[in-house]
Amino acid sequence: MNKRVIMPTSDLKVRKSSYLEVNLGLKEHAMILEAQRCLQCKHQPCVQGCPVGVDIPGFIEQLKQHQVDKALEIITKDNPLPSVCGRVCPQETQCEAVCVYAKANQPIAIGYLERYVGDYGNIEVENLTKTQAKIAVVGGGPAGLSCAMTLAQHAFDVTIFDTWDQLGGVLYYGIPEFRLPNEVVKKEVNRLLDAGVRFERNMIVGVSVSLDDLFNQGYQAIFLATGAGLPSMLTIENMDAIGVFSANEYLTRLNVFHANQKESITPLYQGKKVIVIGGGNVAMDAARSAIRQQADVTIAYRRTQEDMPARIEEVHHAIEEGVKIFPLLNPLRIISDPLGYVSHIEFSHNRVEGIDHKGRSKIVDDPTKSNVTLEADMIIVAVGTQPNKLLQKLKGKLEVDRYGCIVVNEQMQTSIPHVYAGGDAVLGAATVILALGQGKKAALNIIDQYKK
Ligand code: FAD
Ligand code: SF4
């Protein structure tokens, strides 16, 4: 059995001070060698491992024959964003985890191949005459994009409304360019515009326009894909000290407003000794961004390093780039100097005591160790996000659960007639591929319900 291909990366020294992409993508000969390893298994476990059921052996077979465009045609039947998903999806816990080669620790590099197809394939997108109903999609992240694309492919007249000036949601404002360049997002989003989907930018639904306004404008159904962009903050002492930020704010300032560049009018409060609290992709992205701002960066996480929900690749890259990881620390209080600026943060220790119901280490306080105080002039909090409270203003009409997530039925319908929802707004902070899956599911139900 040939070994799995290795993803080439940019030079470590260069990338520590640059936002250029770290993973460089496979060259053609490496792509072919990897595609040739696939056994074309009859029972297709990889397809079952993919949340949107992409025909993985089908597209790999096309790659073997250098038919990249045909491979793209196959993937985009189920996933409109292969270049994005090839870069950010956790394949190691999905399709690759169940590939027959996974037992030997050499699964087919499905994500790398998917990225190749997205980057080098070309397809003609049909802009069908819009003979079907007018549908509004609120939110232009993965869930909204996938819903809109599926509807447009069935001749529905779709408009996406988003607060930002560009489509992509978190792909645009959250995930840094060194992992997902904005140009890559734009290229995939353009296929949607080519399919005749309209985009109303800078529109906050609930403020600029209400759901009733949209119905009055002739939209027959509305899909809410507003994400989970509201950062959860810690409830420890002194959280309002100067220098405490949510990871979302820090990343948005850098990614969208380029606050690190001299000509930017957006200010950036950049510490030299940064502590990031959290262990997910957001924590890694914030930490790796702070490294690129020449900071000394430590991640403090309450469980073990192995329990971190971030992608293994991200943790690996973060460590390579100089991020230190201190596991089993529980933040207690932030200490500020007399002027109110962050100067230290105090933690107690946790220890592992068995396994919890999710298969992670069960952690409890460790009273045998005395508290530790770390010096810091900036603290970035990345302990999760929730759906925006704006939607809860509709509460009473729109049913939400105790976490603020919109409640939907099997058809992705909310408690308001003709209003559907999906993605992070329903799931809470989840993943790109799950959001894509929900968008498509909602679209298929809308098609079923409103097709003339
Ligand atoms: P979003 O992408 O959040 O998009 C929602 C859109 O709706 C936004 O553009 C928002 O501005 C807009 N909106 C909100 N309210 C309104 C309103 N009232 N009116 C109009 N528009 C509105 N997932 C992975 O799979 N892999 C990763 O590596 C990964 N890394 C991540 C890194 C970061 C920094 C973050 C924050 C998330 C990451 N995720 C990752 C999670 C993933 O990005 C999300 O699960 C996914 O984007 C959810 O898609 P969505 O369409 O539901 O919502
Ligand atoms: Fe190919 Fe692995 Fe899927 Fe089998 S399980 S078809 S080897 S990708």
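A pocket, as I'll use the word today, is an open set of grid points where a 1.4 Å probe fits, with protein on both sides within 12 Å along at least five of seven lines. Hello everyone, and thanks for coming. One thing to keep in mind throughout is that this is a predicted model.

Let's start with the second largest pocket, which holds about 500 Å³ of space. There are 19 residues lining that pocket, and Arg4, Glu92, Tyr112, Ile312 and Glu313 are the closest to its centre. Which helix gives the largest share of this lining? That is helix α14, residues 312-320, with five residues. As for the chemistry of the wall, you'll find seven nonpolar residues, six polar ones and six charged ones.

Now let's move to the sheets. Have a look at the one with strand order β3-β2-β1-β4-β16. This sheet is open, has five strands, and its pairing is parallel. At the edges stand β3 (198-200) and β16 (419-421), and because each has a single partner strand, one side of each is left without a neighbour in the sheet. From one strand to the next, the twist averages 25°.

Let's zoom in on one pair in this sheet. Strand β1, residues 134-138, and strand β4, residues 221-224, run parallel and are joined by four bridges. If you want a pair to click on, take Ile135, whose bridge partner in β4 is Ala221.

What packs on this sheet? Helix α8, residues 142-152, does, and it touches β1, β2 (157-161) and β4. The direction of α8 makes about 165° with that of β2. Then there is helix α16, residues 432-450, which lies across β1, β4 and β16. Helix α16 runs at about 170° to β4.

On to another sheet, with the order β6-β14-β7-β8-β9. This one is also described as open, with five strands and parallel pairing. Its edge strands are β6 (244-246) and β9 (324-326), each pairing on one side only. The average twist between one strand and the next is 25° here.

Again, let's pick out a pair. Three bridges link β6 with strand β14, residues 378-381, in the parallel sense. Within that pairing, Ser246 has Val381 of β14 as its bridge partner. Helix α12, residues 247-255, lies across β6 and β14, and its run is at about 80° to β6. Helix α13, residues 281-292, packs on the sheet too, touching β7 (273-277), β8 (296-300) and β14. Its direction makes about 165° with that of β8.

Next, a helix pair. Helix α4 is residues 56-64 and helix α5 is residues 68-76; their axes come within 8 Å and cross at roughly 170°. How do we name that arrangement? Angles over 145 degrees count as roughly antiparallel, and therefore α4 and α5 are roughly antiparallel to each other. On the α4 side the contact is made by Gly58, Phe59, Gln62 and Leu63, and on the α5 side by Val68, Lys70, Ala71, Ile74 and Ile75. By class, that contact has six nonpolar residues, two polar and one charged.

Hold on to α4, as we'll meet it again in the cavities. How many cavities of 30 Å³ or more are there? The count comes to five.

The largest cavity has a volume of about 120 Å³. Of its 15 lining residues, Cys50, Gln91, Cys95, Glu114 and Ile433 are the closest to the centre. Two elements, α4 and α7 (110-120), give two or more residues to this lining. Eleven of the lining residues are nonpolar, three are polar and one is charged.

The second largest cavity holds about 100 Å³ of space. It is lined by 15 residues, and nearest its centre lie Cys38, Cys41, Cys46, Cys99 and Ile108. Here α3 (45-49) and α4 each supply at least two lining residues, and α4 gives the most, with three. How many charged residues are in this lining? There are no charged ones; the split is 13 nonpolar and two polar.

To wrap up, α4 is a good place to look when you open the model: it packs against α5, and it contributes to the lining of the largest cavity and of the second largest cavity. Thanks for listening!

Technical notes. Residues numbered from 1 in each chain as written. Chains lettered and ligands numbered in written order. Predicted model: local features only at pLDDT ≥ 70, side-chain atom pairs only at ≥ 80, totals over all residues. Heavy atoms only, no water. 1 Å grid on protein atoms, 1.4 Å probe; cavity = no way out; pocket = protein on both sides within 12 Å on 5 of 7 lines; lining within 4 Å. Points joined across faces, edges and corners; volume = space filled by probe spheres on them. Nonpolar A, V, L, I, M, F, W, Y, C, P; charged D, E, K, R; others polar. Pairing = 2+ DSSP bridges. Axes fitted to C-alpha atoms, helices over the stretch in contact; angles between N-to-C directions. Contact = heavy atoms within 4.5 Å. Parallel < 35°, antiparallel > 145°, perpendicular 65-115°, else oblique.
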